[in-house]
Amino acid sequence: KECIGEKDCIVFQADMNWEGHHTTESKKWLHQNWYEGPSEGNDMEKKRTIRQIECFDSLRYEPYVVIPWCPSSKSSKPQPLTPYYDERFYGYGKNKIQHISHLRFRGLPFYVLPQSFVVH
């Protein structure tokens, strides 16, 4: 947080590729706005939940993701829970777009992971 405030670092490519990570809403994340719902109070009906990304701002969104892969053991033919990353897409830039699109097409929900970050 201090690093960004002092302009010693930035959200990855925020200065030249806003579509790549804009949907995460990094300003909210930096201000610890990780949850939806009330943050305090006695209303048991309302619960704080991790902020879900309902809609992507761009088809070029390339979030860093943590996804389950382990095969389901309930099946006689276990399959991975998520599709494999296509290794033909490698190198610098836009190499995750196809994988993210595949995850979206399969209906996986996306959430902003609280209190965690990636150094890239």
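**Figure 1. Lining of the second largest pocket in the predicted model.** In this predicted model, the element that gives the most to the lining of the second largest pocket is α3, with three residues. The pocket has a volume of about 500 Å³, and its lining is made up of 18 residues, among which Val11, Ala14, Ser26, Lys27 and Leu30 lie nearest the centre. Two or more residues of the lining come from each of the elements α2 (18-21) and α3. Sorted by class, the lining residues are eight nonpolar, six polar and four charged.

**Figure 2. The protein chain and its secondary structure.** The protein chain holds four helices and four strands, and from the N terminus on these elements follow the order α-α-α-β-β-β-α-β. Of the 120 residues in the protein chain, 23% are buried. Among contacts with a separation of 6 or more, 59% are made by residues that lie 24 or more positions apart.

**Figure 3. The largest nonpolar core.** Ten residues belong to the largest nonpolar core, namely Trp29, Leu30, Trp34, Ile53, Phe56, Tyr61, Ile100, Leu103, Phe110 and Val112. At least two residues of this core are supplied by α3 (26-30), and at least two by α4 (97-105). Such grouping can be set beside a general tendency, which is that in soluble globular proteins nonpolar side chains tend to be buried together. Leu30, a member of this core, is also one of the residues that lie nearest the centre of the second largest pocket.

**Figure 4. Surroundings of Trp34.** Leaving aside residues up to four places away in sequence, Trp34 touches Trp29, Thr49, Ile50, Arg51, Pro114 and Gln115. Of these neighbours, Trp29 belongs, as Trp34 does, to the largest nonpolar core.

**Figure 5. The aromatic cluster of Phe56, Tyr61 and Phe110.** The structure holds two aromatic pairs. In the pair of Phe56 and Tyr61, the ring centres are 4.8 Å apart and the planes stand at 85 degrees, so this pair is edge-to-face. Both Phe56 and Tyr61 are buried. The pair formed by Phe56 and Phe110 is also edge-to-face, with 5.1 Å from centre to centre and 80 degrees between the planes. Because Phe56 lies in the loop between β3 (52-53) and α4, whereas Phe110 lies in strand β4 (residues 110-111), this pair ties together parts that are 54 residues apart in sequence. Phe110 is buried, as is Phe56, and together Phe56, Tyr61 and Phe110 form one aromatic cluster.

**Figure 6. Ile100 and its neighbours.** Ile100 lies in helix α4 and, at 3% relative accessibility, counts as buried, because that value falls under the 20% cut-off. When residues up to four places away in sequence are not counted, Ile100 touches Phe56, Tyr61, Pro63, Val65 and Phe110. The contacts of Ile100 therefore include each of the three rings of the aromatic cluster, and the residue is itself a member of the largest nonpolar core. Ile100 and Phe110 are 10 residues apart along the chain, and their C-alpha atoms are separated by 9.9 Å.

**Figure 7. Asp86 in the loop between β3 and α4.** Asp86 is placed in the loop between β3 and α4, the loop in which Phe56 also lies. With a relative accessible area of 19%, Asp86 is buried, because the cut-off for a buried residue is under 20%. The C-alpha atom of Asp86 is separated by 7.2 Å from that of His99, which lies 13 residues apart from Asp86 along the chain.

**Figure 8. Ser116 and its distance to Trp29.** Ser116 lies in the segment after β4, and its relative accessibility of 31% makes this residue partly exposed, because the value falls between the cut-offs of 20% and 50%. Ser116 and Trp29 are 87 residues apart in sequence, while in space they are 9.6 Å apart, C-alpha to C-alpha. Trp29 is a residue of the largest nonpolar core and is among the residues that Trp34 touches.

Key: Residues numbered from 1 in each chain as written. Predicted model: local features only at pLDDT ≥ 70, side-chain atom pairs only at ≥ 80, totals over all residues. Heavy atoms only, no water. Core = buried A, V, L, I, M, F, W, Y, C linked by side-chain atoms within 4.5 Å. Buried < 20%, exposed > 50% of the residue type's maximum accessible area, 1.4 Å probe, protein only. Contact = heavy atoms within 4.5 Å. 1 Å grid on protein atoms, 1.4 Å probe; cavity = no way out; pocket = protein on both sides within 12 Å on 5 of 7 lines; lining within 4 Å. Points joined across faces, edges and corners; volume = space filled by probe spheres on them. Nonpolar A, V, L, I, M, F, W, Y, C, P; charged D, E, K, R; others polar. Phe/Tyr/Trp six-rings, centres within 6.5 Å; stacked < 30°, edge-to-face > 60°.
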